[in-house]
Amino acid sequence: MKHIFFALLLTPFILHAQSDPQATPAAKQLHQRLYKLMQRGIMFGHQDDMAYGVGWKYEHGRSDVRSVCGDGPAVYGWDLGHLELGRSHNLDSVPFDSLRSYIRAVYESGGINTLSWHGNNPATGGSAWDTSLAVTAVLPGGGSNATYNAWLDKLADFMLSLKAGDGTLIPVIFRPFHEHTGSWFWWGQHQCTSMEFRTLWQYTVNYLQIQKHVHNLLFAYSAADFNNEKDYLERWPGDDFVDVIGFDLYQQGSAANYQRLLQERLHVLQEVAAAHGMIPALTETGLERIPQATWWTQTLLPILQHYKLSYVLVWRNGHPDHYYAPYPGQASAEDFKKFHANEHTLFLEEAKSIKDKAESPQPVLKEAESKKLKAESPHPKAKS
């Protein structure tokens, strides 16, 4: 069975047109780079890697991942929660001014940035985990539409402030409304209909691209639980509104059960990626506190190595009892070094050494009619 998965994986697919027809040159380059690096291995990512770790906070140049293996992640995850409120720090207490600096440092070092958004409930003012109904209120004609638009304005200002030393607008992978097939966020499965979710997604993309002229984003669609391709695509906003696809899956029981679920869902993800021309990734995963000394090479890697993925990202090292990457002396640290050295994984040094040569871009599928709609109106109706 593994050989079947691997054979399917190696079948090249046609990369779909980028979600933003006016994407900046750097954003276009990132889209192509994700595809090219995927042919060489799976990039390793870590949430908030540069901001803090187990036993330290905001120390310049420090990283638990680098301290263990001598190399940084190739992908760095960050979160924008509380940006919409005008706060100076995000929901994990990272200053937004520092976040800009981290994103710039990652980009200039050859790494890749991905941003999630645990935005508050716009209808109630509660947290992202306040599951009071809000999606219908956010959409045009709803009582919270003006509030949501103001939040998107703040989001746009932040995205447009991400500039490298040479003035280049830094491209990032933006992953809004993640884990939408679960029901623990206000945008979750039980909090809105499929049509409402698709409309919310399209409205958000169009507002940022057309109203605010934000063109340095790749959009990532990231599910939670699903059983098959139909489940995964049940709230799909359309091929012209997504660039990266993935899902979040953590080990919460036995390693065997985690491996089974991971394999089943990666198989579905692979099929969707090929059918729709999307970049596939394991957008969140991990085992809290990593008590299994060989988890990296005996649990995670045996499944990953049979799939062609852009990246795999583990969650943050927030506290001594809440971390997902090893630190020096941690039980899995030695095994992580083997994971780093494996031919199937890419960390920062190797990822940035794979130069983006002046090659012809990958062929893309023609843009669908939704792009025509986007040109005519900033808020086209959601497709069924």
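Let's start with F174, and with what F174 touches in this predicted model. Leaving aside residues up to four places away in sequence, F174 touches L80, L115, W117, L155, M159, L208, L217, L218, F219 and A220. Keep a few of those names in mind, because they come back: L155 sits in helix 6, and L208 sits in helix 7.

So where does F174 belong? F174 is in the largest nonpolar core, which has 119 residues. The residues with the most contacts inside that core are M43, L80, F158, M159, F174 and Y232. Which helix gives the most to this core? That's helix 9, residues 255-276, with 8 residues. As a bit of background, nonpolar side chains in soluble globular proteins tend to be buried together.

Okay, stepping back for a moment. The protein has 384 residues, and 59% of them count as buried. Its secondary structure comes to 13 helices and 13 strands. And if you take contacts between residues at least 6 apart in sequence, 76% of them join residues at least 24 apart.

Now for two helix pairs. Two packed helices are described by the angle between their axes and the distance between the axes, and I'll give you both values each time.

First up, helix 6, residues 145-160, and helix 7, residues 194-211. They pack at about 50 degrees, with axes 10 Å apart. At that angle, helix 6 and helix 7 are oblique to each other, and their crossing is right-handed. Who meets whom here? From helix 6 we have N145, Y148, N149, L152, D153, L155 and A156, and they meet L200, Y203, T204, Y207 and L208 in helix 7. The residues of this contact divide into 8 nonpolar, 3 polar and 1 charged. And there are our F174 neighbours again: L155 and L208 are both touched by F174.

The other pair brings back helix 9, this time with helix 10, residues 295-304. How do they pack? The angle is about 25 degrees, and the axes are 9 Å apart. Angles under 35 degrees count as roughly parallel, so helix 9 and helix 10 are roughly parallel to each other. Helix 9 passes helix 10 in a right-handed crossing. On the helix 9 side you'll find A255, Y258, Q259, L262, Q263 and L266, which meet W295, Q298, T299, L300, P302, I303 and L304 in helix 10. That contact divides into 9 nonpolar, 4 polar and no charged residues.

How values were computed: Residues numbered from 1 in each chain as written. Predicted model: local features only at pLDDT ≥ 70, side-chain atom pairs only at ≥ 80, totals over all residues. Heavy atoms only, no water. Axes fitted to C-alpha atoms, helices over the stretch in contact; angles between N-to-C directions. Helix = DSSP H or I, 4+ residues; strand = E, 2+ residues; numbered from the N terminus. Parallel < 35°, antiparallel > 145°, perpendicular 65-115°, else oblique. Left-handed = near helix turned anticlockwise from the far one by under 90°. Contact = heavy atoms within 4.5 Å. Nonpolar A, V, L, I, M, F, W, Y, C, P; charged D, E, K, R; others polar. Core = buried A, V, L, I, M, F, W, Y, C linked by side-chain atoms within 4.5 Å. Buried < 20%, exposed > 50% of the residue type's maximum accessible area, 1.4 Å probe, protein only.
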